[in-house]
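Dear colleague,

I am handing over the structure we spoke about, and I would be grateful if you could keep it open while you read. My notes on what was found come directly after it.

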Amino acid sequence: MEVTQEEIIRRLKNVYLIPFYVLCAVYFVLYQPFWHYPEETFSAAFFKVLPIFSLIAFVRLNAEDENILQNPIPKSDFHRFTILGLIFSSIGDACLIARETMFIPGMLFFAIAQAWYLYALGPGSKGSRLQSIFYLGGVGTFLFMESGIESIFMKFLILIYTVLIFTVAWRAASRYERENTYPAFLGFVGILLFTLSDFLIGVNKWKFYIPFSECIVMMTYYGGQFGIALGSLKE
């Protein structure tokens with residue numbers, strides 16, 4: 001499959017994605033993360049997760065099951081597990097509004113989300129070069145982060161989370177290699193953006209300050225979940 005700009009743009013024009021575009025714009029206008037962290041309020045958490053709720057609806061509609069109102073849970077494991085990943089991601093994202101006091105609960109919910117994405121993507125190509133690349137990337141990322149973390153417990157949590165997210169990235173790359181389709185490609189790009197978002201959070205928290213970090217983190221995070229949702233499209 002040759003990835004073309006025209007084909008990607010065509011898929012981005014899907015009418016079911018309009019709520020996501022609008023809700024992202026609303027959040028950025030209301031809470032202006034390019035200037036400061038959002039207030040630790042229920043309304044900030046609510047508007048922050050609304051774009052993800054719209055992606056949940058998008059994935060459900062892409063399942064193309066009959067009688068959606070009577071059977072809201074999709075029959076496809078891929079769509080069902082992707083939706084569960086988005087749900088737990090939204091809870092984790094809401095927790096991170098209170099970044100200092102709710103950081104660990106938020107990370108745990110994101111870890112659960114990664115586990116669901118892992119189930120959705122299916123098996124990876126074991127013993128392949130892809131597996132080695134992503135596992136080496138995970139080891140390097142953990143060693144880079146852990147030097148700035150004092151708590152042994154937090155180091156353990158970061159180790160588990162790093163293993164999860166880089167395994168998901170490897171599975172997404174394996175899916176694209178196996179299927180060679182646009183949805184698999186977009187899903188892989190989404191996972192990479194999600195990984196970048198988490199990496200930036202860690203760097204800003206434990207290594208050094210990143211200017212406009214909240215804006216960059218939210219753009220890569222929304223972009224990541226967006227790509228993951230597009231991975232549910234039918235070829």
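What follows covers the salt bridges, then the charges that sit over rings, and then the nonpolar core.

Please bear in mind throughout that this is a predicted model.

A search of the whole structure gives 6 salt bridges, and three of these pairs are described here. In one of them, the side chains of Lys48 and Asp93 meet at 3.2 Å, taken from N to O. This pair links distant parts of the chain, since Lys48 belongs to helix 3 (residues 42-62) and Asp93 to helix 4 (residues 77-95), with the two positions 45 residues apart in sequence. Both Lys48 and Asp93 are buried.

A salt bridge is also found between the side chains of Asp77 and Arg80, with an N to O distance of 2.1 Å. Here the partners are 3 residues apart in helix 4, and so they are separated by about one helical turn. Asp77 is partly exposed, at 42% relative accessible area, and Arg80 likewise counts as partly exposed, at 24%.

Glu100 and Lys205 form another salt bridge through their side chains, at 3.9 Å from N to O. Because Glu100 lies in the loop between helix 4 and helix 5 (103-121), while Lys205 is in helix 8 (residues 182-207), the pair ties together parts that are 105 residues apart in sequence. Glu100 is exposed, with a relative accessible area of 65%, whereas Lys205 is partly exposed at 32%.

Turning to the rings, the whole structure contains 24 aromatic pairs. Arg80, which takes part in the salt bridge with Asp77, also has its charged end over the ring of Phe81, at 5.6 Å from the ring centre. Lys207 is placed over the face of Phe144, 4.8 Å from the centre of that ring.

Finally, the largest nonpolar core comprises 63 residues, and Leu55, Phe194 and Tyr222 are the ones with the most contacts inside it. At least two residues of this core come from each of several helices, among them helix 2 (18-31), helix 6 (129-146) and helix 9 (213-230). Helix 7 makes the greatest contribution to this core, with 12 residues. Leaving aside residues up to four places away in sequence, Tyr222 touches Phe20, Cys24, Tyr27, Phe28, Phe47, Lys48, Pro51 and Ile52. Lys48 in that list is the residue that meets Asp93 in a salt bridge.

With best wishes

Methods:
Residues are numbered from 1 along each chain as its sequence is written. This is a predicted model: local features need pLDDT of at least 70, side-chain atom pairs count only at pLDDT 80 or more; totals for chains, interfaces and linings use all residues. Side-chain values use heavy atoms; hydrogens and water are left out. A salt bridge is a side-chain nitrogen of Lys or Arg within 4 Å of a carboxyl oxygen of Asp or Glu. Helices (H or I, at least four residues) and strands (E, at least two) are DSSP runs, numbered from the N terminus. Buried means under 20% relative accessible area, exposed over 50%, partly exposed in between (1.4 Å probe, protein chains only). Rings of Phe, Tyr and Trp (its six-membered ring) pair if their centres lie within 6.5 Å; planes under 30 degrees apart count as stacked, over 60 as edge-to-face and the rest as tilted. A charge sits over a ring if NZ of Lys or CZ of Arg is within 6 Å of the ring centre and within 35 degrees of the ring normal. A nonpolar core is a set of buried Ala, Val, Leu, Ile, Met, Phe, Trp, Tyr and Cys residues joined through side-chain atoms within 4.5 Å. Contact means heavy atoms within 4.5 Å.
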